[in-house]
Amino acid sequence: MKNQQVADILFRIADILDIKGEIFFKVRSYRVAGRTIESMGKDIEVVIKEGMLRDIPGIGEALEKKIKEIVETDQSEYLEKLKNEIPEGVLRMLGIPGLGPKKVSAIYKHLNITTIEDLKQACTDGKLRNLDGFGEITEINILRGIQLIEKTSGRALLNMAYADGNILVEYLKNCDRVKQISIAGSLRRRKETIGDIDILVSSDSSEEVMDFFVKYNDVQQIIAKGSTKTSVLLIDNLQVDLRVVKPESFGSALQYFTGSKDHNIKMRNLAMKKGYKLNEYGLFDKKTDEYIVGRNEEDVYQKLGLAYIEPELRENRGEIQAAIKNQLPNLVKNGDICGDIHIHSNWSDGFDTIETIVSQSKKMGHEYVGIADHSQSLKIARGLSEDRVIKKREEIDKINRKQDDGFRVFCGTECDIKSDGSLDYSDSILEIFDYVGIGIHTKFKMTREEATSRIIRGMENEYVTFVAHPTCRMIGRREPFDLDMEEIFDTAKSTGTCLEINSFPDRLDLNDIHCKQGKEKDVRFVINTDCHRVENMEFIRFGVATARRGWLEKSDILNTYILKEIEKSFGV
Ligand SMILES: [Zn+2]
Ligand SMILES: [Zn+2]
């Protein structure tokens, strides 16, 4: 479980050594060890227990000691010492996408820049272009990178806010003064990043609820405590706002605090037109101020002549008009998913055996699972050579013969799309798989035309089932490709290729807006986790949430097909 954590610390050490200008071989040994541990199919703690750490190529006595220390104490004294030798702001520059340690080192040493603010100014003033290996383009790229981190800083990824919010709701339920409780705000709408967590409670004695709330174990700081609203900072730096209202206002307050702002403006205008006044306390008669409804959210929508609008749709993207006409989509649900078909096993860079993945899939109530390991040229991710593809096919067939409950494992691949749009396996190998996912993992710098035609060429191969993480964005770290989505959708439709909604919280790719546009073009999607550890198979709910925000229904999604249907669709 600690492999990633150990690897991250080793990478960090390598980065700082690089900034300091240490010799190449020393720096490299930390990077290589980090990469090995990151992609190793075995728990580092187990490796240590078995005394096998030194058997890993490149790990000598000094590294062994450091790795053991990290595993035991979750930190490294050496890293802490190194950190003290370099200004904090310089270390922070390492977080700017596209800016590696070599460049950071040059900026620090030659220009003596020690903060991101100063770096921004230096780029704007054109001061970097004279450094060796820098140019005007570098300055533009650095500015873009800084913008990218500014855009997401202070915002948490959906999974983190989701976990915090749900645990806190469970905690608050233990307070017997809490009558009703719900998450509200952008977390309830399942936006891809969350600024702060909103929780709404109905109670007749708010004081006691607030007292109970601030005693929560993970509270780091009480920002403000009042009788209607209290804000705290959790130890992971997420802010939580708790509001307490009277039971007769719970529904209208939930509607109000769920937002979005634009959705609410439309709602209030509609209420006015119908002779009402809508606010967080309830729906009132405009003339007499008489309270009409407010206890339940459903009543608010109903009184305004609207079908109930699911929170994920409340973004003012046409949902109110659709609700008036009773034409809202019947959104896909978590329980509609019958299997995840983009999972990495320890045949490539995944952590778990196929058997472990099967048992987790069954626990989740799925009928099938698809193992989609990387293809041969992705050496860094232990992509499968053609020989190993054949061996993996045999192993999966063997596992399938052992299933007595009708569960099926599909043998798939996540085949790399090479820079010219050709695929990383020949057709004769692609034919071995039950289905083929394709994705871009190298050479990300492309023009709009290059990126679009690379993916389109990939989709045109007859063996291809879906395109994995089509825009390749990493939230806060890598911008999405500039793609001609119209053309992508048209080709997806004409070739019958599905587009993935990748559920990993830092990807969520395609995003909600793409989903809605694609549905209008009658494109089919597939919701996968792309996980490398079974613990993360639960992330599928964030892909489903993204699909719901994109107005998708069960029939728009390939892996809502039951086993018999998907077998037919794969032709196996
Ligand atoms: Zn991938
Ligand atoms: Zn993948």
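Me: Is the site of the zinc ion (ligand 2) tetrahedral, square planar or irregular?
Reply: Happy to look at this one with you; keep in mind that the model is predicted. The ion has 4 donor atoms, with angles of 83 to 174° among them. Four donors count as tetrahedral only if all angles lie between 85 and 135 degrees, and the site of the zinc ion (ligand 2) is classed as irregular.

Me: Which residues coordinate the zinc ion (ligand 2)?
Reply: The donors sit at 2.1 to 2.2 Å from the metal. Along the sequence their spacing reads H-x1-H-x69-E-x115-D. The residues are His342 (NE2), His344 (NE2), Glu414 (OE) and Asp530 (OD).

Me: And which protein donors does the zinc ion (ligand 1) have?
Reply: Here the spacing in sequence is E-x26-H-x27-H. The donors lie 2.0 to 2.1 Å from the ion. They are Glu414 (OE), His441 (NE2) and His469 (NE2).

Me: How many residues apart in sequence are the parts that Glu414 and His469 tie together?
Reply: Glu414 lies in strand β13. His469 is in the loop between β15 (466-467) and α21 (485-495), so the pair ties together parts separated in sequence by 55 residues.

Me: Which residue bridges the two zinc ions, ligand 1 and ligand 2?
Reply: The two ions are 3.4 Å apart. One residue coordinates both, and that is Glu414.

Me: Does Glu414 count as buried or exposed?
Reply: Buried means under 20% relative accessible area. Glu414 has 1% relative accessibility, so this bridging residue counts as buried.

How values were computed
Residues numbered from 1 in each chain as written. Chains lettered and ligands numbered in written order. Predicted model: local features only at pLDDT ≥ 70, side-chain atom pairs only at ≥ 80, totals over all residues. Heavy atoms only, no water. Donors = N, O, S within 2.8 Å, 3.2 Å for Na, K, Ca; no water. Tetrahedral: all angles 85-135°; square planar, octahedral: opposite > 155°, others 65-115°. Buried < 20%, exposed > 50% of the residue type's maximum accessible area, 1.4 Å probe, protein only. Helix = DSSP H or I, 4+ residues; strand = E, 2+ residues; numbered from the N terminus.
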